[in-house]
Structures are given as C-alpha cells and as structure tokens.
Amino acid sequence: MSREPAPRRAGPRRALGMPQKAPEPPGLAARRVAVRLVEGVLSRARPLDAALEAEHDPSGFRSLDERDRALARAIAGVTLRRFGTLRGLIAARLDKGLPKKGGPLEAIMATAAAQALFMQIPAHTAVDLAVAGARADPDARHFSGLVNAVLRGIVSAGAPETVEDGQDLPPWLYARWTRAHGPARAAAIARALATEAPLDFTVKSDASGWAERLGGLALPTGSVRLAPGGRVADLAGYGDGAWWVQDAAAAIPARLFGDLRDKRAIDLCAAPGGKTAQLALAGAEVVAVDKSAERLRRLTDNLSRLGLSATARVGDASAISLEPADAVLLDAPCSATGTIRRHPDVAWMKRESDIGTLAKLQTGLLDAAVRLVAPGGRLVYCTCSLEPEEGERQIEALVARAQGRVTVDPVAPDELPGLADAVTADGFVRTLPSHLPADDVRLAGLDGFFAARLRVD
Ligand SMILES: C[S@@+](CC[C@H](N)C(=O)[O-])C[C@H]1O[C@@H](n2cnc3c(N)ncnc32)[C@H](O)[C@@H]1O
C-alpha cells in the first residue's frame with residue numbers, strides 16, 4: 001500500500017499569514033562577502049588572507065560554496081589591485097563626496113565597478129547586484145538610488161583607456177617611492193603591481209628537474225616559478241615535501257649565509273618558516289623564534305612536511321636569551337610594501353605613520369639580534385619593504401652606533417645570478433617588483449625585499 005507523502009508544514013511566516021521574504025538573487029551572497037572583505041581592509045585594516053583563512057570570519061567567506069568563494073576572492077582581489085582607479089571614478093561622480101553614514105557604500109560601488117570594468121562580468125549583473133546589496137544593508141539602503149546612478153555612469157563610460165603611473169596606489173605611498181627610488185623606478189614598480197604575482201617555490205634540490213615536471217621556469221636565482229592559479233597542494237612534490245612556496249626574492253636572504261654545515265643558526269621572527277627551512281637545508285642546527293605560538297605551530301607543521309627540523313621557541317626576539325650563534329637571521333616585521341603585487345590589500349591597510357612605528361621596532365630587534373651573534377659570525381637583516389627607513393637607513397644607523405663591532409659584509413653581484421641589478425653600491429640587496437622582467441607578464445617580477453649581511457665582532 002502506498003502512503004501519501006506527508007503535507008509540508010507551513011513555515012512560521014506563512015502560518016502567521018506574514019509576507020514571505022523574497023529569495024535572494026543568485027550571485028548576491030558572493031558579492032556581499034566581497035564587499036565585506038574589501039570593507040574589512042579599508043575600515044578595519046583586516047588583511048585579506050586572514051579573512052580568507054579564518055574558520056569564522058565576519059565576512060561569511062567560509063559559508064559560501066567553493067564556486068562563490070573563488071568569485072568573492074577574485075572580486076575582492078581585483079578591487080584592491082585597482083582601488084586607486086575605482087576610488088577616482090566613484091569620486092568623480094559624487095559632487096558632495098561619499099555620504100557620511102553610507103556604511104559600506106564605497107566598497108559596494110568599487111566591487112561592482114571592478115566586476116564590470118575589469119572582470120568581464122556583464123555590467124547589468126554587476127550593477128543590479130550592487131543595488132540589491134545596497135538595499136539589503138541597513139546603512140547603505142538609503143543610498144541605493146545613488147549606487148545605481150553612479151555605477152550606470154561608470155559602466156557606460158567604460159574602462160579608462162590609460163592608467164597613470166601610480167594611479168592604483170594611495171598617493172602618499174607612490175610619492176614616497178618616487179622620493180626613495182626616483183620617478184622612473186617608482187613608475188616601473190607601479191606597473192609591475194598591475195599583474196598578480198606568480199607562484200614561486202624553493203626546492204630542496206634539482207630546480208631544473210622540478211621546473212620541467214611542474215611545467216614552470218627555473219629562475220637564475222635558484223627558485224622555480226609557475227604562472228599564478230591552481231591549488232598548490234595538488235601539485236606534484238607537495239605531499240612528498242620536495243619544495244615549499246616562497247617568493248624568489250624572499251629566498252635570497254637565507255642564501256647569503258652560504259654553507260651552514262656544522263653551524264648553529266638562530267632565525268628570529270621565523271614563522272611560518274620559509275627561511276628556517278632554508279637554514280636547515282643548508283645544514284644548520286636551527287633555533288626558530290617567533291612571538292606567535294599559533295604561527296610557530298604552522299612552522300613546525302611546514303618543517304615536518306618537508307622532513308626538516310629546527311627547535312621552535314615562542315618568545316619576543318627583542319628580549320630572548322639564547323646561546324650566541326654563527327648565523328643569525330632577522331626577518332623583521334615591517335610595512336610589507338614590497339609584497340603589494342601578491343597582497344594588494346597591504347597598500348590600503350597601511351598608513352604612512354606605520355613606517356616610523358615599525359622602524360623603531362626594527363631598531364630594537366636589530367640591537368637584540370647583534371647580541372645573539374657569536375664573535376666573527378654573520379647577521380642577515382631583511383624586510384619585505386620598499387621603504388629605506390626599514391632597510392638601508394636601519395643598517396647605516398646600526399653600523400654607526402655599533403662603533404666598529406658591526407660591519408657590512410657586502411654582497412657581490414655574482415652571488416645573485418641574473419639579478420646583479422639588485423645589488424646596491426653599498427653591497428646591500430634591494431629587489432624591486434619590476435626586477436626579473438619576462439615576455440609573459442604572469443611570469444615576471446619579484447617581491448620587493450631589502451637584505452644586508454653584517455659581520456659582528
Ligand atoms: C615577516 S614574518 C616572518 C616570515 C618568516 N621569516 C618566513 O620566512 O617564513 C614576521 C614574523 O615576525 C613575528 N614577530 C613579530 N614581532 C616579533 C617579536 N618581537 N619577536 C618574535 N617574533 C616576532 C611575527 O609573528 C611573524 O611571524
């Protein structure tokens with residue numbers, strides 16, 4: 001005997017005779033998350049990666065399905081990479097500026113304009129979903145008509161035909177780079193930031209073999225490079241611990257120590273451990289210090305995948321007491337302005353005043369690092385910053401106050417094959433995003449790093 005299916009129970013709204021909430025338009029959830037990701041960067045200096053990786057992020061990123069996650073991430077990434085242009089296009093259509101109490105209004109309009117102008121998403125889809133998103137937001141809903149008018153103006157004018165050098169960066173940052181590196185280099189850096197960074201690996205051995213196996217390039221610096229995209233954990237060699245992800249410029253500082261067999265090394269500010277792995281691979285017995293226990297756990301996980309070992313110590317590098325070592329690496333916390341190609345959010349999270357604050361922190365860490373070097377040993381100091389206050393100026397000041405105890409051990413151009421341009425007249429390493437050009441822009445560029453090798457007596 002067949003049984004009748006039980007009648008579906010009416011939901012509480014229907015049972016009470018209340019109007020049903022209209023279903024959300026398809027694609028709105030991904031746009032809402034993209035807006036929150038961008039808004040997190042702009043208003044709360046919340047790094048994009050932290051939001052994407054957190055188990056419970058207020059953006060709701062984790063609650064999306066895989067396809068929408070990829071879309072939300074792509075929209076947020078393109079918006080931040082082109083934010084200078086987008087902000088300018090929006091401002092040009094607002095006679096009285098952005099309304100004060102519009103909530104995420106600028107992020108709603110910028111993410112929509114990014115989709116329509118730079119992502120081949122149909123303009124009507126981008127605009128309609130932005131208007132729907134504004135209507136659903138308690139602050140922005142009063143301005144949904146404005147969102148509609150501004151966006152229709154922007155999309156009907158189309159993408160700007162030319163991009164001025166530096167137009168996509170905060171003006172204070174581009175002005176700094178122009179002063180520090182000169183107008184031509186600043187322009188070349190800005191142009192290099194327009195493209196997503198490639199995927200670089202440091203391999204335990206056989207860079208050319210791995211480049212061939214992975215369909216990538218073996219760089220003259222020793223790293224292997226692939227075009228961006230794809231899941232790293234799916235690539236050959238990941239599970240076997242044959243390589244780790246590390247920008248080709250980030251791989252330079254640890255190499256400046258050379259062979260470390262039978263030597264002791266201290267890696268201050270070590271997590272997540274890219275440079276610790278290099279020191280261990282070069283043969284050193286390594287102590288890896290980081291003040292974040294959580295990040296140190298990532299370091300130990302990474303080393304165990306790679307079959308390498310180090311002693312991990314949670315502690316503040318400016319106050320830790322350890323037996324002095326032959327090699328000390330200080331990869332100091334910094335403004336990270338050299339990594340904007342990889343992390344376009346960095347440009348919009350930092351304030352100019354951060355640079356002075358970070359420089360003071362680096363000075364204290366450098367003095368502590370000097371005390372941890374055994375007499376005659378080497379200290380390598382590095383930052384992923386393009387700001388001289390976090391690089392050259394730090395070392396000049398250290399050498400002056402150390403009164404002969406610390407001297408620069410200059411890097412010779414032939415130590416950096418293919419990158420002699422990155423060695424300065426003072427023997428420092430200064431890589432720029434515009435270095436290592438390639439015909440295929442997806443395979444070009446480097447993070448901006450500063451590194452100095454010092455002898456401590
Ligand atoms: C630039 S990241 C280091 C990257 C790492 N060297 C690598 O190659 O994978 C900076 C690290 O410094 C740590 N840090 C910041 N201030 C510190 C301090 N006073 N003492 C120890 N670690 C610190 C942070 O937790 C962060 O993990």
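Into which domains is the protein divided? In this predicted model, the split gives domain 1, residues 28-157, and domain 2, residues 247-456. Taken over C-alpha atoms, the centres of domain 1 and domain 2 sit 36 Å apart. The two do touch: ten residues of domain 1 are in contact with five residues of domain 2. On the domain 1 side, helix H2 (28-44), helix H3 (48-53) and helix H4 (66-81) each put in at least two residues. H4 gives the largest share of that side, namely three residues. Sorted by class, the side of domain 1 that touches domain 2 comes out as seven nonpolar, one polar and two charged residues.

Staying with domain 1 (28-157), one residue to pick out is Val131, which belongs to helix H7 (residues 123-136). Buried or exposed, then, is Val131? Val131 is buried, as 20 other C-beta atoms lie within 10 Å; the cut-off for that label is 20 or more. Not counting residues up to four places away in sequence, Val131 touches Ser144, Val147 and Asn148. As for a long-range pair, Val131 and Glu352 are 221 residues apart along the chain, and their C-alpha atoms are separated by 34 Å.

Turning to the annotation, UniProt lists residues 161-457 in an unreviewed entry as "domain: SAM-dependent MTase RsmB/NOP-type". In the model, that span is 30% helix and 20% strand, and the C-alpha atoms at its ends lie 57 Å apart.

Next come the strands. Four of them make an open sheet, in the order E2-E3-E1-E4, with antiparallel pairing. The edges are taken by strand E2 (217-218) and strand E4 (243-245), each with a single partner strand, so one side of each has no neighbour in the sheet. E2 runs antiparallel to strand E3 (residues 224-226), and two bridges join them. Within this pair of strands, Ala218 is found opposite Val224 in E3. In general, strands of a sheet pair through backbone hydrogen bonds, in either the parallel or the antiparallel sense.

Both senses turn up around strand E9. On one hand, strand E8 (residues 325-331) and E9 pair in the parallel sense, over six bridges, and Ala327 has Arg378 in E9 as its bridge partner. On the other hand, E9 pairs with strand E12 (residues 450-456) in the antiparallel sense, over seven bridges; here Val380 has Arg453 in E12 as its bridge partner. Why is E9 described as largely enclosed by the rest of the structure? Eight of the eleven residues of E9 (residues 373-383) are buried, and that is why the description fits.

Now for the ligand. The shell around the ligand holds 17 residues, and the closest are Cys269, Gly274, Lys291, Ala317 and Asp331. Helix H13 (274-281) and strand E6 (285-290) each supply at least two residues of this shell. In terms of chemistry, the shell residues divide into seven nonpolar, four polar and six charged.

What does the record say about binding? The unreviewed UniProt entry places a "binding site" feature at Cys269, Ala270, Ala271, Pro272, Gly273, Gly274, Lys275, Asp290 and Asp331. These positions span 63 residues in sequence, yet no two of their C-alpha atoms are more than 13.0 Å apart, so they gather at one spot. Cys269, Gly274 and Asp331 appear in this annotation, and Cys269, Gly274 and Asp331 are also among the closest residues to the ligand in the model.

Two of the annotated positions deserve a closer look. Ala270 is placed in the loop between strand E5 (264-268) and H13, and Ala271 is found in the loop between E5 and H13 too. Ala270 is buried, with 27 other C-beta atoms within 10 Å. Ala271 also counts as buried, with 24 C-beta neighbours inside 10 Å. Leaving out residues up to four places away in sequence, Ala270 touches Lys275, Thr276, Ala288, Val289, Asp290 and Leu299. With its neighbours within four places in sequence set aside, Ala271 is in contact with Asp290, Ser292, Arg295, Leu296, Arg298 and Leu299. Asp290 and Leu299 are thus contacts of both Ala270 and Ala271, and Asp290 is itself one of the positions in the "binding site" feature from UniProt.

Conventions. Residues numbered from 1 in each chain as written. Predicted model: local features only at pLDDT ≥ 70, side-chain atom pairs only at ≥ 80, totals over all residues. Pairing = 2+ DSSP bridges. Helix = DSSP H or I, 4+ residues; strand = E, 2+ residues; numbered from the N terminus. Near = placed C-beta within 6 Å. Nonpolar A, V, L, I, M, F, W, Y, C, P; charged D, E, K, R; others polar. Buried ≥ 20, exposed ≤ 12 C-beta atoms within 10 Å, placed from the backbone. UniProt positions renumbered as here; feature names shortened; annotations may be inferred. Domains from an automatic or database assignment. Contact = placed C-beta atoms within 7 Å.
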